[in-house]
Amino acid sequence: MASSGSLPSLARQCRDRLNDGRGRIESRFRAGLPSVQTATALTDLYDDVIEKIWQDSLERASSSVKASQLSQLSLVAHGGYGRRDLSPYSDADLMLLTTRRSAAAAAQVASTFVRDITDAGIDCGFSVRTPRECCTLAWADAKIYTSLTESRLCFGNEQTYDRYFDRFRAGARRRRNYLNHQSLMARREERQKWGETNYLLRPNVKRSRGGLRDIQLVRWLGFATHGATSLEQLNKLNALSDEDYGTLRRAHAFMLRLRHELHFRTERAQDVLDRPTQLDIAEDWGYQGRSGVLPVEDFMQDYFEHTRGVRYVAAYFHDDTRIRSRAAGAVESVMSRRIDEDIRMGPTHIWVKSHTLERFAQSLPDVLRLIQLANHHSRRIAHPTWQAIRKSMQDREATPPDQPAVDAFMELLKDPGRLASLLRRLHELRILDQLIPAMGRCRGLLQFNAYHKYTVDAHCIRAVEAATDFIDAENSMGRRYRRLKDKALLHLALLIHDLGKGYEEDHSEVGRRIAGDVADLFHLSADDKDTLQWLIHKHLLVNEVAFRHDLNDPEVVHKFAAEVGSISRLELLLIHTVADLQAVGPDVLNDWKMGLIEDLYLRARRYFETGNLPGENEADLDSKIEQVKESLAEKELDPSLIEFAKDMPLSLLRQHSTDDLIHEMHQVGEWLTDNPGCYCAGAVDPAASAVRYTIVLRQGERRVGVFARITAAFSACGLSIMRANVETVGEDLLWDQFWVNDPELKQRQPESRIEEVCRVVTKALDDPDSVMPTPRRVWQTQGSKEPSSVLLLPTKVLFDNDTFDHQTILSMFTYDRPSLLSDISGTLSQLDVVIQFAKIDTHLDQIADVFYVTNLDGSPITDSDRQETIRNALVDAVRKPVP
């Protein structure tokens with residue numbers, strides 16, 4: 001774009017006028033100008049600037065074009081500009097409407113108009129069309145159609161505009177079914193990109209579900225069906241109820257204000273509400289928060305409340321506008337059967353008879369029974385029935401559920417069917433709040449980490465959905481889920497498992513008490529109450545053990561099995577864990593994590609069935625050890641390797657086939673026999689989408705610093721460590737494995753890249769007195785990293801001396817950053833902390849790393865002062881700025 005000084009006089013004046021006008025409107029907006037009036041003021045500003053450019057373009061064209069031709073032209077605004085719904089940096093969709101006779105004049109005007117309006121600083125979508133072309137293109141393209149529904153004459157010939165719009169509106173009415181379908185498909189496609197749920201933690205206020213675009217969807221559907229796009233007109237036509245009209249008006253005002261705020265803050269068209277901005281807006285808008293709820297959570301709950309209302313109204317406005325054929329309605333009615341005196345069920349729908357509907361809709365047990373029947377028979381609830389229920393339930397005073405309502409709800413929970421979608425409907429109607437009071441508090445409650453993608457309530461319902469999806473799964477999870485006798489208890493546990501969030505106390509502890517309250521309210525048996533409370537209290541147990549501990553250690557498996565207590569509880573906990581992880585967000589439950597979960601399950605189940613812990617009476621492992629020992633004995637290799645084979649870690653035995661293990665042992669043995677230094681080799685691991693590096697060396701007198709040097713070397717090569725297994729065998733031999741992500745593999749040959757990394761690692765380890773490798777500098781583009789103000793969860797450093805007598809488990813939870821693991825391991829090295837075993841785990845932007853550590857003399861770290869020194873040093877290392 002040309003600089004301001006080189007612009008023509010008119011464009012420069014218009015640009016200055018636009019910038020000054022935005023500044024004045026922002027001042028009025030900050031002073032309290034309502035969002036709709038702000039949009040009107042911005043539209044007037046655009047109109048003022050565009051009119052000057054329009055008049056100038058007509059004057060220039062008048063010297064070569066007949067005035068009669070120019071007089072036939074019309075400048076039409078459409079889209080957001082057409083409905084006078086602009087935000088500060090919105091684009092302006094404009095169409096130059098022309099007759100056939102004035103086409104040459106239109107081309108002349110357009111050539112200067114588009115140039116000047118762009119130079120003035122308005123992002124403009126522009127087209128030149130005849131009325132006939134407008135209609136032809138609109139019927140073929142949903143995007144064009146939806147934009148033109150909100151046309152407005154800006155300047156020019158009124159008769160030309162009226163002929164166009166009358167023709168367009170009449171054509172839309174004739175094609176209403178087709179155009180409504182196309183509009184819905186276009187909106188669905190957009191939602192798939194920007195968010196199918198209105199409970200996203202980083203939403204697009206315009207395009208995500210329940211956003212401004214869904215309010216526009218109501219207008220588009222209203223235009224084809226009723227000939228009107230104005231919400232007020234649709235209300236007067238009884239197409240929108242007073243309640244729905246009020247819901248959309250309030251949501252529109254709130255989200256329009258939010259969009260104005262985003263534009264003014266960034267000085268550009270910005271519609272994504274990211275986490276740092278949420279914090280800032282909550283503070284600037286005066287949100288105070290409340291007990292256990294941060295101001296930002298209070299603000300976002302308001303946002304989700306509005307998007308929830310928009311989503312609901314838009315969905316049912318569509319149902320109202322959809323015209324079902326008389327033949328289809330007749331088939332549904334003729335083929336229906338009587339369920340009881342109130343309910344009938346057809347091939348696709350279930351409904352309540354009209355003469356009993358008002359009474360039926362007021363009864364919570366009857367409503368729940370209807371929903372249970374719809375779920376069991378996989379039928380949709382007919383829209384008139386659902387409308388009556390919705391109105392009645394919203395007007396109903398919240399009271400504790402009676403026994404018939406509880407029984408009906410528990411019956412609903414037993415059947416996977418369409419359970420999740422029906423639970424969402426119950427949540428929208430606030431029926432879940434009446435059945436489970438804690439659900440109301442978590443409505444739209446944020447989870448401030450990138451690990452979770454959805455709000456607490458949305459996540460819980462998605463967890464139920466993930467479990468019910470197992471019903472058709474042809475794998476071990478499907479088989480375990482199908483053989484569960486009481487699926488209702490599992491579904492109930494998933495529905496409430498995270499409702500303890502938002503308090504200062506650990507959410508599993510709070511959740512256990514909530515589970516007890518729910519069990520009492522539902523009159524569950526003592527055994528079911530105990531199981532429900534245990535499942536909620538321990539719903540993170542599998543994750544903690546599988547992802548953070550050495551599963552080859554008999555003590556770890558024994559303690560886990562003792563905590564679980566039985567095979568039936570083990571399977572219940574396993575299904576709960578996997579469903580919970582799948583509901584967190586995309587790609588959270590990867591193959592590696594699923595493998596660890598299955599590994600823990602099989603070890604614990606084996607213990608329950610045989611009493612054997614890992615390594616005990618495992619004939620296949622004993623046979624593998626003997627084969628490795630025999631193979632090594634045939635060659636003259638380092639004697640320490642023969643001793644290593646006798647006491648080989650279970651992790652190595654389980655991770656490799658016998659042939660692969662023998663091959664690797666030979667390679668390591670030959671290296672240690674011929675070289676005094678360390679052994680380093682790498683291989684691409686397709687299953688883990690990573691490169692696995694094996695590093696073996698004699699520890700000698702070096703009790704500390706080896707792990708720190710390895711992580712520093714990887715960091716210097718630009719690698720990020722995904723996970724690691726660090727083994728100390730006997731007194732001298734270290735056998736470590738690291739799985740790393742290497743961005744350079746996309747541009748490099750794997751063999752040469754792996755050799756390069758191994759050279760850096762061996763150099764760092766073979767000369768322990770050399771300077772530590774320097775982490776590679778990470779260049780970040782603006783906006784690629786959210787500021788530290790959004791990192792609300794504190795760094796935690798925990799010491800566990802209860803699990804083992806001979807070593808301490810040090811667990812660390814914090815937000816990830818480049819070279820963090822290198823800084824952590826370097827800090828432990830400086831404090832003479834010996835790392836005996838490590839398990840690295842990164843959840844998107846957070847790490848949960850576990851180290852088995854000792855003092856230099858091999859004793860566990862039990863002194864409280866020394867623990868505090870280590871804790872403070874690690875927290876300081878986390879806060880270290882990125883190079």
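**Strand pairing, helix packing and nonpolar cores in a predicted model**

R337 stands opposite M345 in β6, a pairing that belongs to the antiparallel association of β5 with strand β6 (residues 343-345), which extends over two bridges. These strands are part of an open sheet of four strands, arranged in the order β5-β6-β7-β8 and with mixed pairing. The edges of this sheet are formed by β5 (337-338) and β8 (380-381), each of which pairs on one side only. The structure described here is a predicted model, and the values given below were computed from its atoms.

The protein contains 39 helices and 17 strands, and of its 883 residues 56% count as buried. Among the contacts with a separation of 6 or more, 70% are accounted for by residues 24 or more positions apart.

A parallel arrangement is found in strand β2 (residues 92-97) and strand β3 (residues 124-129), which pair over six bridges. Within this pair, L96 stands opposite V128 in β3. Together with helix α5 (residues 103-119), β2 and β3 make a β-α-β unit, and this unit is right-handed. Strands of a sheet pair through backbone hydrogen bonds, either parallel or antiparallel; the antiparallel sense is represented by β5 and β6, and the parallel sense by β2 and β3.

Helix α5 also takes part in the packing of helix α1 (residues 9-30). Helix α1 has 22 residues and reaches 32 Å from its first C-alpha to its last, close to the 32 Å expected at 1.5 Å a residue. Its buried residues are L10, A11, C14, R15, L18, G21, R22, I25 and F29. Because these residues cover an arc of only 130° around the axis, they are placed on the same side of α1. The partners against which the buried residues of α1 pack are α2 (35-62), α5 and α12 (242-266).

Beyond its C-terminal end, α1 is followed by G32, whose phi is positive, near 115°. L33 is found in the loop between α1 and α2, and at 13% relative accessibility this residue counts as buried. When neighbours within four places in sequence are left aside, L33 is in contact with R28 and T38. L33 and R257 are 224 residues apart in sequence, whereas their C-alpha atoms are 9.7 Å apart in space.

In soluble globular proteins, nonpolar side chains tend to be buried together. In the present model, the largest nonpolar core comprises 104 residues, of which F409 and I436 touch the most other members. With residues up to four places away in sequence not counted, I436 touches F409, L492, L495, I496, L499, V518 and F522. Another core, of 44 residues, lies apart from the largest one and includes L697, V706, V797 and L810.

Burial is also pronounced in helix α28 (residues 541-548), where seven of the eight residues are buried, so that this helix is largely enclosed by the rest of the structure. The buried residues of α28 are L541, V542, N543, V545, A546, F547 and R548. V696, which is found in strand β10 (residues 690-698), counts as buried at 0% relative accessibility. The C-alpha atoms of V696 and E727 are separated by 9.6 Å, the two residues being 31 residues apart along the chain.

Most residues other than glycine have a negative phi, and most peptide bonds are trans. Against this background, two loop residues may be described. S378, which is not a glycine, has a positive phi of about 55° and is found in the loop between α17 (364-376) and β8, the latter being one of the edge strands of the four-stranded sheet. At 47% relative accessibility, S378 counts as partly exposed. D832, likewise not a glycine, has a positive phi of about 60°, and its position is in the loop between α38 (820-830) and β15 (834-839). With a relative accessible area of 35%, D832 is partly exposed.

Notes. Residues are numbered from 1 along each chain as its sequence is written. This is a predicted model: local features need pLDDT of at least 70, side-chain atom pairs count only at pLDDT 80 or more; totals for chains, interfaces and linings use all residues. Side-chain values use heavy atoms; hydrogens and water are left out. Two strands pair if DSSP finds at least two bridges between them. A crossover is right-handed if, with the strands pointing away from the viewer, the path from the first strand over the helix to the second runs clockwise. The expected span of a helix is 1.5 Å times one less than its number of residues. Buried means under 20% relative accessible area, exposed over 50%, partly exposed in between (1.4 Å probe, protein chains only). The arc is that of the directions from the helix axis to the C-beta atoms. Contact means heavy atoms within 4.5 Å. A nonpolar core is a set of buried Ala, Val, Leu, Ile, Met, Phe, Trp, Tyr and Cys residues joined through side-chain atoms within 4.5 Å.
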